[in-house]
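Here is a friendly walk through one protein model, meant to be read with the structure open beside you. Turn it as you go and look for each residue as it comes up.

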Amino acid sequence: MTEGTKTIIDYLTSVPAWYLATCEGDQPHVRPFSFAAEEGGRIWFATATTKDVYRELEANPRFELTAWKPGSGWIILRGRADLDDQAGEAVREAAWRHLEGLGERYDGPHDERLTLFSMTDAQAWVCDIDGSWTPVVL
């Protein structure tokens, strides 16, 4: 794992929720997410194939997310969703347990509705109230 990927994962897993934006046509959509994990040098996110966010990422894989932690500025991560779910067993199990803990229900970590996605063309920054955007190399 690169130092930049570690920075992003540490940040996303240190806050209760962060916000992922997609677009449907010319209408942006933003929603809270809370699962992120690293495996094989990739950042993995979890959702369900039955959700609007998945359908939106199929139609337009570009997304952006942001998270803010008091005293630490905020992060911006943008790229393209790679919906080819190749997450390993440990990440799949962690995602399933995490989502179940939020109240979602699946028939185990291999439920067809549960899917993990990663990203390509990733860009990331740590931003500060002073207007600075410090690039994070992923």
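What follows goes from a helix to the strands, the nonpolar cores, the largest pocket and two single residues. Please keep in mind that this is a predicted model.

**Helix 2 and its two sides**

A good place to begin is helix 2, which spans residues 52-59 and has V53, Y54, E56 and L57 buried. Viewed down the helix axis, these buried residues fall within an arc of 165°, so they line one face of helix 2. This fits a general rule: an α-helix has 3.6 residues a turn, so residues three or four places apart point the same way. On the face turned away from the buried side of helix 2, you will find the exposed residues E58 and A59. What lies over the buried residues of helix 2? The cover includes strand 1 (18-24), strand 2 (27-33), strand 4 (42-48), strand 5 (62-68), strand 6 (74-82) and strand 7 (114-127).

**Strand 4 and its partners**

Is strand 4 mostly covered or mostly open? Strand 4 is mostly covered, with six of its seven residues buried. Strand 4 runs antiparallel to strand 3 (residues 36-39), and four bridges join the two. The hairpin of strand 3 and strand 4 has two residues between the strands, and G40 there takes a positive phi near 60°. Strand 4 also pairs with strand 7 in the antiparallel sense, over four bridges. One bridge from each pairing is given here.

| Strand pair | Bridge partners |
|---|---|
| strand 3 and strand 4 | A37 and W44 |
| strand 4 and strand 7 | A48 and L114 |

**The nonpolar cores**

In soluble globular proteins, nonpolar side chains tend to be buried together. In this model, the largest nonpolar core has 23 residues, and L12, W18, F45, F63 and L65 have the most contacts inside it. Two or more residues of this core come from each of helix 1, strand 1, strand 4, helix 2, strand 5, strand 6 and strand 7. Which of these elements gives the most? Helix 1 does, with four residues. To see how L12 is surrounded, leave aside its neighbours within four places in sequence: L12 is then in contact with W18, A36, F45, L65, A67 and I75. Another core, of 13 residues, lies apart from the largest one, and its members include W44, A48, W96 and L116.

**The largest pocket**

How much space lies in the largest pocket? There is about 170 Å³. Its lining is made up of R31, P32, F33, S34, F35, A46, T47, K51, V53, L99, L102 and E104. Strand 2 and strand 4 each supply at least two of the lining residues, and strand 2 gives the most, with three. V53 thus appears twice in this report: as a buried residue of helix 2 and as part of the pocket lining.

**Two residues to look up**

K6 lies in helix 1 (residues 3-12) and is partly exposed, with a relative accessible area of 35%. K6 and L138 are 132 residues apart in sequence, yet their C-alpha atoms are 8.8 Å apart in space.

D121 is found in strand 7. Although D121 is not a glycine, it has a positive phi of about 50°. Is D121 buried or exposed? D121 is exposed, with a relative accessible area of 56%.

Conventions. Residues are numbered from 1 along each chain as its sequence is written. This is a predicted model: local features need pLDDT of at least 70, side-chain atom pairs count only at pLDDT 80 or more; totals for chains, interfaces and linings use all residues. Side-chain values use heavy atoms; hydrogens and water are left out. Buried means under 20% relative accessible area, exposed over 50%, partly exposed in between (1.4 Å probe, protein chains only). The arc is that of the directions from the helix axis to the C-beta atoms. Contact means heavy atoms within 4.5 Å. Two strands pair if DSSP finds at least two bridges between them. A nonpolar core is a set of buried Ala, Val, Leu, Ile, Met, Phe, Trp, Tyr and Cys residues joined through side-chain atoms within 4.5 Å. On a 1 Å grid over the protein atoms alone, a cavity is a set of points where a 1.4 Å probe fits but cannot get out, and a pocket is an open set with protein on both sides within 12 Å along at least five of seven lines; lining residues have an atom within 4 Å of a point. Grid points are joined across faces, edges and corners, and a volume is the space filled by probe spheres set on the points.
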